[in-house]
Amino acid sequence: MSIQLNHLTHVYNEGTTFEKVALNDVTLEIQTGEFIGLIGHTGSGKSTLIQHLNGIISPSSGEILLDGENIHKDKAKLKEVRRRIGLAFQYPEYQLFEMTVYKDVAFGPTNLGLSAEQIHENVVAALNIVGIDETFYEKSPFELSGGQKRRVAIAGVLAMNPEVLILDEPTAGLDPKGRDEILAAIHKLHEERGITVILVSHSMEDVARLVDRIIVMHKGKVAMTGTPREIFSHPMELEQMGLAAPQVSYVFAKLKEKGYDVPTDIYTVEEA
Ligand code: ADP
């Protein structure tokens, strides 16, 4: 499923003294199966952008097209969009509420009105992909570690079989082990299911490692888009947008390790 944003503008509290232009004339296209990294300083408009993609918030002007069709065409279309585009919010584990891991992951597909077998299949596949085995199925989500809770919550989105998965800072607040497990699950998901993934992240290293294409947001606009290599060869511009310079150096070192042709005068291995 291709996603197209045409001149998308979003203004919060329009017409009041608190008016804030969060997205300003954003035009971009995301192709089926792409792995996108969405980066940008706090307040640059990332969350506002992703919430438009599955219709949680509506544009002030402009349009969002899925396979060429406006998602706000009618109620049925919007419902379809919410099923096909899965969104895992920041700290999704706060939304866990069922008595068992299994029931929690089954909640979404049950509401879709699928058959019992289909629900079971979706739940098992989703938990499998995030590395949660059957010994956890009957446990309370609250008995799990932070990283496990997060993976169960993401499995809840996956169990709906979305064609696009949007993850807002999925590693926030996790220890390095929990972080690696989440990133491995996301990587596996993209490799095995070939679904479109949009990863919002503060970590330059994570996006450099995982994504095909980076979109850099700055003050409500798309400031740059390109492969990690293209984006990270503009360290000055990134710094000016508040994306920390030491991280950029670190990313260069990582890219060098991966065999990218990075000019040696713009990265320092010591910081890695
Ligand atoms: P990011 O996800 O990149 O941190 P956001 O999309 O959350 O950026 O925010 C973009 C801008 O919109 C910021 O200036 C933020 O303060 C403002 N904003 C976000 N959500 C709201 C809201 N619900 N009401 C008013 N302003 C908001």
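Helices (H or I, at least four residues) and strands (E, at least two) are DSSP runs, numbered from the N terminus. Before you start clicking, note that residues are numbered from 1 along each chain as its sequence is written. You are looking at a predicted model, in which local features need pLDDT of at least 70, side-chain atom pairs count only at pLDDT 80 or more, and totals for chains, interfaces and linings use all residues.

**Stop 1: P92**

Select P92, which sits in the loop between β6 (85-88) and α3. Is P92 buried or exposed? It has 21 C-beta neighbours inside 10 Å, so P92 counts as buried. (Buried is 20 or more other C-beta atoms within 10 Å of a residue's own, exposed is 12 or fewer, and partly exposed is in between; C-beta atoms are placed from the backbone.)

Now add R150, A153 and I154: P92 touches these, leaving aside residues up to four places away in sequence. (Contact here means that the C-beta atoms, placed from the backbone, lie within 7 Å.) Try a distance too: the C-alpha atoms of P92 and E169 are 10.0 Å apart, with their positions 77 residues apart along the chain.

**Stop 2: α3 and α5**

Next, colour helix α3 (residues 101-111) and helix α5 (residues 146-158), whose axes come within 7 Å and cross at roughly 30°. (Axes are lines fitted to C-alpha atoms, for helices over the stretch in contact, and angles run from 0 to 180 degrees between N-to-C directions.) That angle makes α3 roughly parallel to α5. (Under 35 degrees counts as roughly parallel, over 145 as roughly antiparallel, 65 to 115 as roughly perpendicular and the rest as oblique.)

Show side chains for V101, D104, V105, F107 and G108 of α3, plus V152, A155 and G156 of α5, and you have the contact. These residues divide into five nonpolar, two polar and one charged. (Ala, Val, Leu, Ile, Met, Phe, Trp, Tyr, Cys and Pro count as nonpolar, Asp, Glu, Lys and Arg as charged, and the others, Gly among them, as polar.)

**Stop 3: α3 and α4**

Keep α3 and bring in helix α4 (residues 116-129): the two axes come within 9 Å and cross at roughly 125°. α3 and α4 are therefore oblique to each other. On the α3 side the contact uses Y102, V105, A106, P109 and T110, while α4 brings I119, N122, V123, A126 and L127. The tally for this contact is eight nonpolar, two polar and no charged.

Which residues of α3 are buried? Select V101, D104, V105, A106, G108 and P109. The buried residues of α3 pack against α4 and α5. Then step on to G113, which follows α3 and has a positive phi, near 80°.

**Stop 4: around the ligand**

Select Y12, N13, K20, A22, G40, T42, G43, S44, G45, K46, S47 and T48, the residues around the ligand. (Each has its C-beta atom, placed from the backbone, within 6 Å of it.) Both β2 (20-30) and α1 (46-53) supply at least two residues of this shell, and α1 gives the most, with three. By type, the shell holds two nonpolar, eight polar and two charged residues.

**Stop 5: K254**

Finish at K254 in helix α10 (residues 245-257). K254 counts as partly exposed because it has 19 C-beta neighbours inside 10 Å. Add E205, A208 and R209, which K254 touches, not counting residues up to four places away in sequence. For a last distance, pick the C-alpha atoms of K254 and Q148: they are separated by 27 Å.

How values were computed: Contact = placed C-beta atoms within 7 Å.
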